[in-house]
Structures are given as C-alpha cells and as structure tokens.
Amino acid sequence: MSKLQLPAGVEVKGKLHEQFEDILTPDALTFIAKLQREFNPRRLELLRKRIERQREIDAGKLPDFLPETRQVREDPHWRVGSIPADLQNRHVEITGPVERKMMINALNSGATVFMADFEDANSPTWYNVIQGHLNLRDAIDRTITFASPEGKRYDLNPKVAVLMVRPRGWHLEEKHVLIDGEPVSGSLLDFGLYFFHNAKKLLGKGSGPYFYLPKLESHLEARLWNEVFNRAQDALDIPRGSIKVTVLVETILAAFEMEEILYELRDHIAGLNAGRWDYMFSIIKKFRNRPDFLLPDRARVTMTVPFMRAYTELLVKTCHRRGAHAIGGMAAFIPSRKDAEVNRVALEKVREDKVRESGDGFDGTWVAHPDLVPHVKEVFDGILGDKPHQKERLREEVRVSAKDLLNFQVPGGQITEAGLRLNINVGILYIESWLQGNGAAALYNLMEDTATAEISRAQIWQWINHPSAALEDGRKVSAAMYRAMVPEELEKIKGLFGEKLYQARKFELAAKIMEDLSCSKDFTDFLTLAAYQYLE
C-alpha cells in the first residue's frame with residue numbers, strides 16, 4: 001500500500017499487483033472521489049426508488065408508459081446528437097471480459113465493435129478489475145500482447161474493432177476502494193478510471209470514449225449518467241458530447257421508457273441494444289410475486305414469442321425515429337472444433353435469428369465468439385449491403401401497447417423436469433466459474449455470463465413460490481424437489497470434471513449460494529450482491 005499516494009478520504013484495500021499504481025494514480029483517485037462525492041447520494045436515492053417501484057408492482061400496479069413524459073414521446077422533432085464516423089457501421093459487435101487474451105482475440109475478430117465488459121461477463125475480483133484497466137490502456141496504446149503457457153504469442157492486427165467499455169451497473173459497489181469510509185460505486189470507478197486515463201488519447205486517434213450502459217430501470221437513471229458525463233468532460237477540459245454510449249434495454253421497466261432514455265442522453269447516446277437474456281431475468285424478477293406472470297422453461301421463451309417481439313420491434317422503431325442505432329441481441333453459441341453436426345444445427349439457428357433481426361430493421365447485433373463473426377457479418381452485410389445502418393426504416397407500422405409488452409404468454413410453454421435440472425446444473429456451473437474469477441463461462445457449447453445464472457435461479461425461486469407452478473407431469477415444484485435434484489446434478493458435474501478437479505474447485509460453495517438464492521423466502525435482486533462477499 002505504501003506505493004500509493006492516496007488523496008484525503010480515499011482508501012485502497014486491494015493488493016497492489018504489478019503496475020496497479022499506473023492506474024491508481026493520485027490524480028485518477030482524486031477524479032473518482034469527486035464523482036463519488038457528487039453523484040453517489042443520487043445513485044443511492046435511485047436504488048431506493050427501485051425498491052419502491054417493486055412494492056408497487058407487488059401491490060398490483062403494472063408498468064405503463066409514463067403520463068408525465070408524454071410530451072417527450074409525442075414531440076416529433078427532437079433527435080439524438082451526431083454519431084462519430086467509427087460508430088456508424090456496427091453490423092457485428094463482439095463482447096467479452098477485460099481479460100488480456102480474450103481482448104486481443106475480440107479486437108482481431110473482424111467484428112466492427114468490441115465491448116470490453118466489467119459487468120456480466122467479468123467476475124469483479126480486485127485483480128480482474130484493475131488488470132482490466134491496464135489491458136484497456138495497452139490495447140489503446142497498441143502495446144497489448146499475450147503469451148500462452150504453450151508459447152503461442154498474441155498481438156493486435158493492423159485493423160481492429162472499435163472499442164467500447166461496459167462499466168458495472170448502478171447497483172454494484174467496489175469494496176476495495178473506500179471514499180470517506182464507504183465503498184465506491186462500481187459504475188463510477190469503472191467509468192472514471194477508463195475515462196480519466198484514455199479519453200484524450202482516444203479522441204486524438206480519431207475515436208472517443210465509448211460506453212455501454214447496463215441495467216438501467218428508468219430515464220432518471222439515464223439522467224444521472226448524463227450528469228456524470230458532463231461533469232467528467234468538464235473536469236478534463238473535453239468538449240461535452242465527446243462521450244458516446246449505447247444503453248442496454250435489459251429491464252422490463254426500461255422498455256416503457258426507451259424514448260425518455262434517449263432524450264435524457266441525447267447529447268451522448270448512439271443507440272439502444274436489445275439485451276435479451278437480462279430482459280427475461282428482469283421480467284421474472286419484477287413479477288415474481290404474481291402467479292399470472294409465470295414463465296415456462298427458459299428454452300421455450302424464444303425471440304418470436306409475442307412479448308419479446310413487441311419489445312424488439314418497439315426498440316427498432318424508437319431508435320430509428322430519433323436517429324439512433326438499434327443493436328440486436330446476443331448469439332451465445334460457441335462453435336465446436338469436434339462436432340460438425342452440432343455446428344450445422346446451431347449455426348442454422350444463429351443465422352435464422354440474425355436474418356430476423358436484420359429483417360426487422362436492426363442495424364447490427366452481438367456475438368460472443370470470434371468464430372461467429374463471419375457468419376453473422378454475412379447476414380447483415382447481405383441485407384444492408386454497403387450501408388452502415390438502416391435507420392431510414394422507421395417501422396411506422398409498428399404499434400406496441402403496454403398490454404403487448406406485458407403479455408407473458410408462451411404458446412406451448414411448460415415447466416419440465418429437464419428444464420428445472422438444466423437451471424440447477426448451469427446455475428451451479430456458472431456461479432462456480434464466477435467464484436474462480438471467470439465471468440465468461442463456456443458451458444455446453446454456449447458462452448454464458450451472469451444473466452444465465454440469474455434466469456436459472458430466478459425461475460426456480462418463482463416456480464417454488466407459486467402454487468400453480470407444476471411440472472408437465474403434474475408434480476409441484478418445491479424446495480424439497482430442488483434439494484433432491486442437487487446431489488444428482490453435482491454428480492453429473494463431478495463426471496465432467498473428474499473427482500480430483502471437482503474437489504479442488506468451489507462447486508460445493510456454488511451449490512450453497514445457488515440454493516440460498518433459489519430457496520430462500522426473500523428474493524435477492526442480484527446474485528452478484530450475494531456472492532460478491534466471496535471474491536477477493
């Protein structure tokens with residue numbers, strides 16, 4: 001700790017690994033402290049508003065388009081600000097954690113954009129967070145390299161993807177940095193360190209400080225980000241509007257405030273993204289106490305069910321009406337190097353999904369693995385040709401009501417034993433990976449992030465707590481049923497890893513966390529809030 005010169009009121013509790021002092025400089029920490037002191041009270045107030053909104057939903061008040069912001073929605077004239085040249089073409093975006101090798105591969109993948117993730121694809125160990133900032137610095141300086149244990153060297157190609165960064169959501173804190181005795185906001189730390197160290201360099205290279213904003217639940221939360229951006233740009237003497245962001249619409253409440261979110265961030269926003277998996281989790285979470293809003297196996301909740309169609313079509317229409325990009329959802333498949341038939345079936349589904357998105361008017365989409373980039377690029381390039389986007393498609397024929405967004409019927413959807421077991425199995429596997437410091441886990445040919453475990457444990461909690469939730473054979477889903485299945489699923493996991501590796505890892509702790517989240521009386525809003533205590 002003695003290496004660091006700490007500003008007044010700032011404490012750093014994490015271990016100082018090599019070069020960490022390059023990121024945790026006195027000026028950078030002073031910048032973070034100013035942001036925290038000015039904006040953290042409002043952040044906490046908005047988190048309390050989330051709790052109030054949940055009480056209203058539990059009491060029977062359903063979400064609707066806000067009457068107090070009707071003028072924003074009905075004003076036909078306003079548009080978002082100008083979008084930089086290097087963010088015009090976003091046909092294929094790849095995402096992944098801020099881990100060094102994965103960053104190099106993503107930047108080299110041929111995707112138009114790489115979103116480096118401090119959030120759902122990153123396990124926020126202290127090392128991962130600060131090393132991630134070192135990796136980003138080196139990527140921008142084009143000095144980033146990696147050598148594998150086998151001796152393979154990874155370097156950047158001459159042409160790389162445009163870099164965007166996703167900080168943690170407003171609900172998360174960083175326990176290793178205290179400001180005036182309180183943990184700093186994870187959002188402000190991630191944003192602040194990246195912006196402080198790299199904004200001017202990026203602008204000097206003809207790009208800029210670009211971000212993805214996760215987990216917003218209201219336009220007021222977007223307004224807070226906008227105020228942070230203005231203060232940060234002023235502090236570093238950078239012109240307002242230099243920051244450009246894309247907001248993930250991954251909560252059901254944000255779906256009712258898309259236009260308002262664009263409006264609040266209009267000087268800084270480039271687009272909205274259909275964060276499909278967290279959106280599904282948000283639906284389960286927000287309506288968990290309502291028996292009439294019960295979802296079946298998550299595999300049955302496809303993008304073609306009515307409420308998901310309503311959400312994505314409204315997103316495209318809203319973005320294009322205001323001059324913003326509409327970015328589609330994640331293709332999480334990991335191509336197999338061994339099974340051609342698995343690849344054939346999966347790639348056919350990926351192609352079908354991306355043909356639907358591009359046909360609906362999306363300007364680009366997400367993939368999780370470099371091998372998918374050429375397949376998805378072919379689809380979007382085929383539809384858009386040489387055009388960077390298709391914002392001229394205004395989708396004026398789309399009419400989406402509040403009822404459409406809340407019509408959670410899934411034709412032919414059932415709760416099955418296989419679906420319950422898959423939720424248990426994947427939930428434990430992912431949480432264990434996260435506890436090991438890996439937030440992007442390859443499970444059963446899919447790249448999974450936190451949203452996977454969130455859906456899994458939220459569905460189990462809802463099924464256990466609703467009298468009408470029964471398997472297709474009539475058996476009621478219960479905590480006893482869950483606990484009877486866990487040892488069997490752990491045996492399957494042991495078979496995958498082998499006895500020695502199983503015992504050396506954290507599967508028993510992961511199973512305990514999963515059970516606490518799935519079977520407790522009270523619902524925990526985010527598993528990361530419960531599991532963060534176990535990370536160093």
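What volume does the largest cavity have? About 100 Å³. The views below come from a predicted model.

**View 1. The largest cavity and the residues around its centre.**
The largest cavity has a volume of about 100 Å³. It is lined by 15 residues. Glu119, Asp120, Leu172, Thr450 and Thr528 are the closest to the cavity centre. By class, the lining of this cavity holds six charged, five nonpolar and four polar residues. How many cavities of 30 Å³ or more does the count give? One.

**View 2. The largest pocket, with a lining of 50 residues.**
The space in the largest pocket comes to about 1,400 Å³. Five residues lie nearest the centre of this pocket: Arg276, Trp277, Met330, Ala332 and Leu446. Which helix gives the most to the lining? Helix α12, residues 340-360, does, with seven residues. The lining of the largest pocket counts 28 nonpolar residues, 13 charged and nine polar.

**View 3. The second largest pocket, with about 530 Å³ of space.**
This pocket is lined by 24 residues. Closest to the centre of the second largest pocket are Lys159, Val160, Ala161, Val162 and Leu163. Helix α5 (126-141) supplies at least two residues of the lining, and strand β6 (162-166) also supplies at least two. Twelve residues of the lining are nonpolar, seven are polar and five are charged.

**View 4. Helix α10 and its buried residues.**
Helix α10 spans residues 276-286. Ten of its eleven residues are buried, so the helix is largely enclosed by the rest of the structure. The buried residues of α10 are Arg276, Asp278, Tyr279, Met280, Phe281, Ser282, Ile283, Ile284, Lys285 and Lys286. Arg276 is also among the residues that lie nearest the centre of the largest pocket. Lys285 has a ring partner, shown in View 8.

**View 5. The aromatic pair of Phe20 and Trp126.**
The count of aromatic pairs comes to 24. In one of them, Phe20 and Trp126 meet edge-to-face. The ring centres of Phe20 and Trp126 are 6.3 Å apart, with 75° between the planes. Phe20 belongs to helix α1 (residues 20-23) and Trp126 to helix α5, so this pair ties together parts that lie 106 residues apart in sequence. Are these two residues buried or exposed? Both Phe20 and Trp126 are buried.

**View 6. The aromatic pair of Phe191 and Trp225.**
Phe191 and Trp225 also form an edge-to-face pair. Centre to centre, the distance between their rings is 5.9 Å, and the angle between the planes is 75°. Phe191 sits in helix α6 (residues 186-204) and Trp225 in helix α7 (residues 219-235), so the pair ties together parts 34 residues apart in sequence. Phe191 has a relative accessible area of 1%, so it counts as buried. Trp225 is buried too, at 1% relative accessibility.

**View 7. An aromatic cluster that includes Phe191 and Trp225.**
Which residues do ring pairs link into this cluster? They are Phe31, Trp170, Phe191, Tyr194, Phe195, Phe196, Phe211, Trp225 and Phe229.

**View 8. Two charges over aromatic rings.**
Arg266 lies over the face of Tyr263, 3.9 Å from the ring centre. Lys285 lies over the face of Phe526. For Lys285, the distance to the ring centre is 3.6 Å.

**View 9. His133 and its contacts.**
His133 is part of helix α5. The relative accessibility of His133 is 3%, so this residue counts as buried. Which residues does His133 touch, not counting those up to four places away in sequence? They are Ile23, Phe118, Leu189, Asp190, Leu193 and Tyr194. Tyr194 is also a member of the aromatic cluster in View 7.

**View 10. Ala199 and its contacts.**
Ala199 has its place in helix α6. With a relative accessible area of 1%, Ala199 is buried. Neighbours within four places in sequence aside, Ala199 is in contact with Tyr194, Pro209 and Ile238. How far apart in space are Ala199 and Asp120? The C-alpha to C-alpha distance is 23 Å, and the two residues are 79 apart in sequence. Asp120 is among the residues closest to the centre of the largest cavity.

Conventions: Residues numbered from 1 in each chain as written. Predicted model: local features only at pLDDT ≥ 70, side-chain atom pairs only at ≥ 80, totals over all residues. Heavy atoms only, no water. 1 Å grid on protein atoms, 1.4 Å probe; cavity = no way out; pocket = protein on both sides within 12 Å on 5 of 7 lines; lining within 4 Å. Points joined across faces, edges and corners; volume = space filled by probe spheres on them. Helix = DSSP H or I, 4+ residues; strand = E, 2+ residues; numbered from the N terminus. Nonpolar A, V, L, I, M, F, W, Y, C, P; charged D, E, K, R; others polar. Phe/Tyr/Trp six-rings, centres within 6.5 Å; stacked < 30°, edge-to-face > 60°. Buried < 20%, exposed > 50% of the residue type's maximum accessible area, 1.4 Å probe, protein only. Lys NZ or Arg CZ within 6 Å of the ring centre and 35° of its normal. Contact = heavy atoms within 4.5 Å.
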